[in-house]
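Biologist: Got a minute? I'd like to go through this model with you.
Modeller: Sure, pull it up and ask away.

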Amino acid sequence: MVVTGPIHRLSGAEARRIAVRAQLLDSARPSGLLDLVRHLTLLQVEPTAAVAPSAEVVAWSRLGPRFRRSELEDAIADGSLVELHSMLRPAEDIALYQAEMAAWPGVGELRDWEVEIRDWVEANDDTRREILDKLYDEGPLPTSALPDTTLVPWESSGWNNDRNVRMLLDRMVQRGEVATAGYDGRQRLWDLAERVYPDVEPVPYDEAMRIRAERRLRSLGIAREKSAKSPSEPNDVGPVGEPTEIEGLGGRWRVDPSYLSDGFTGRAALLSPLDRLVFDRKRMADLFDFDYQLEMYKPAAKRRWGYWALPILYGDQLVGKLDATAVREDGILRVDAIHEDGGWSATMVAALEDELRSLGAWLGLELAFADD
């Protein structure tokens with residue numbers, strides 16, 4: 001529901017606590033994996049497993065030791081979760097995306113880049129049909145098993161240049177024609193969308209976009225009304241929720257009013273670098289005054305915190321980074337460094353040590369400190 005009532009005025013601490021509660025990172029643990037994903041709306045798929053794949057770390061950081069890593073595989077296998085745009089989502093949520101798929105490449109007057117993509121797909125329509133026919137007969141299949149008979153190559157200044165089939169598959173996902181049907185090792189498998197997605201009644205476009213924004217705000221708690229466009233899931237929420245101002249911050253913010261009541265109780269948590277609490281780096285810096293970036297793409301000599309450093313949450317503050325690596329062949333979780341932002345009290349140290357031991361136990365690995 002869009003509400004345009006009086007503007008709420010929040011302190012920085014109040015805004016942070018709303019963000020933490022909304023992401024289910026306070027002391028009240030969610031009840032199970034599907035309830036968790038339905039609330040968060042998504043788990044980002046990222047195969048990098050320096051500690052564990054991001055989706056697994058996000059689930060563990062909320063559910064705690066009772067979360068079994070096989071639960072995600074089981075939920076994908078039984079169709080409870082499906083992958084769309086590199087995000088695992090509740091299968092029933094596909095109903096909120098089908099109208100957008102049907103309207104591809106866009107609603108209303110198309111922008112220049114939408115016209116270019118539409119024309120590129122039309123120029124390679126024979127290849128698109130060949131892919132659909134092959135998947136119908138033989139799917140699921142990896143990208144390498146699909147024909148590249150494109151007449152017009154995909155041109156890009158980046159690393160996608162001439163990756164014709166991969167880019168055509170992305171457009172076919174957007175059109176609702178194909179979908180990720182699992183993985184063979186690290187190879188993505190493709191199949192016809194009708195064999196992957198549940199048979200659900202599409203929600204009309206405008207209603208679906210509103211519901212998606214409302215649920216996004218519910219999962220974030222507090223977010224900007226407008227922000228820079230994200231290539232995957234938006235970081236802003238439009239006019240849903242209620243307007244709010246945050247002490248010391250400019251811009252137009254929206255808050256889910258269900259989080260305005262008191263009752264916050266925090267805890268310690270180790271977060272994936274792709275966790276939604278920190279994924280929008282501008283929002284992270286605004287709300288938490290936290291200096292962080294994922295450094296896996298930097299040369300080792302230029303890293304400040306580590307290849308896949310995990311942000312550390314304590315209460316309503318981001319207080320440091322954990323540089324750790326799961327060395328499975330040696331049966332250890334190697335802790336290379338713990339970077340403290342500011343001074344840590346003895347209580348904080350004890351809580352974070354408990355969380356680190358919990359991480360090692362969940363992974364089935366012994367803790368080993370690099371300086372020991």
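Biologist: Which strands does helix α4 lie across?
Modeller: Helix α4, residues 70-77, lies across β2, β3 and β4. Its angle to β3 is about 85°. Keep in mind that this is a predicted model.

Biologist: OK. In what order do β2, β3 and β4 sit in their sheet?
Modeller: The order is β2-β4-β3, in an open sheet with antiparallel pairing. The edge strands are β2 (43-44) and β3 (81-84), each of which pairs on one side only.

Biologist: How many bridges join β3 to β4?
Modeller: Four, with β4 covering residues 87-90 and the two strands running antiparallel. If you want a spot to look at, L81 stands opposite P90 in β4.

Biologist: Changing topic: β13. Is that strand largely enclosed or not, and why?
Modeller: Strand β13 (residues 317-327) is largely enclosed by the rest of the structure, because nine of its 11 residues are buried. Buried here means under 20% relative accessible area.

Biologist: And what does β13 pair with?
Modeller: Five bridges join β13 to strand β12 (residues 310-314), running antiparallel. Eight bridges join β13 to strand β14 (residues 332-340), also in the antiparallel sense. For landmarks, I312 stands opposite G320, and L322 stands opposite I338 in β14.

Biologist: What about the turns? Which residue has a positive phi in the hairpin of β12 and β13?
Modeller: That's G315, with phi near 65°, and the hairpin has two residues between the strands. The β13 and β14 hairpin has four residues between its strands, and G331 in that turn has a positive phi of about 70°.

Biologist: Now the core. How many residues are in the largest nonpolar one?
Modeller: The largest nonpolar core has 41 residues, and L33, L322 and L359 have the most contacts inside it. Elements that each supply at least two of its residues include α2 (33-40), α3 (54-63), α4 and α12 (346-363), along with the strands β11 (268-270), β12, β13 and β14.

Biologist: Why would nonpolar side chains be buried together?
Modeller: In soluble globular proteins, that's a general tendency of nonpolar side chains.

Biologist: Back to L33, then. What is L33 in contact with?
Modeller: Leaving aside neighbours within four places in sequence, L33 contacts A59, L63, F67, E71, L72 and A75.

Biologist: And which residues does the second core include?
Modeller: V82, W154, V178 and L192 are among them; this separate core has 32 residues.

How values were computed: Residues numbered from 1 in each chain as written. Predicted model: local features only at pLDDT ≥ 70, side-chain atom pairs only at ≥ 80, totals over all residues. Heavy atoms only, no water. Pairing = 2+ DSSP bridges. Contact = heavy atoms within 4.5 Å. Axes fitted to C-alpha atoms, helices over the stretch in contact; angles between N-to-C directions. Buried < 20%, exposed > 50% of the residue type's maximum accessible area, 1.4 Å probe, protein only. Core = buried A, V, L, I, M, F, W, Y, C linked by side-chain atoms within 4.5 Å.
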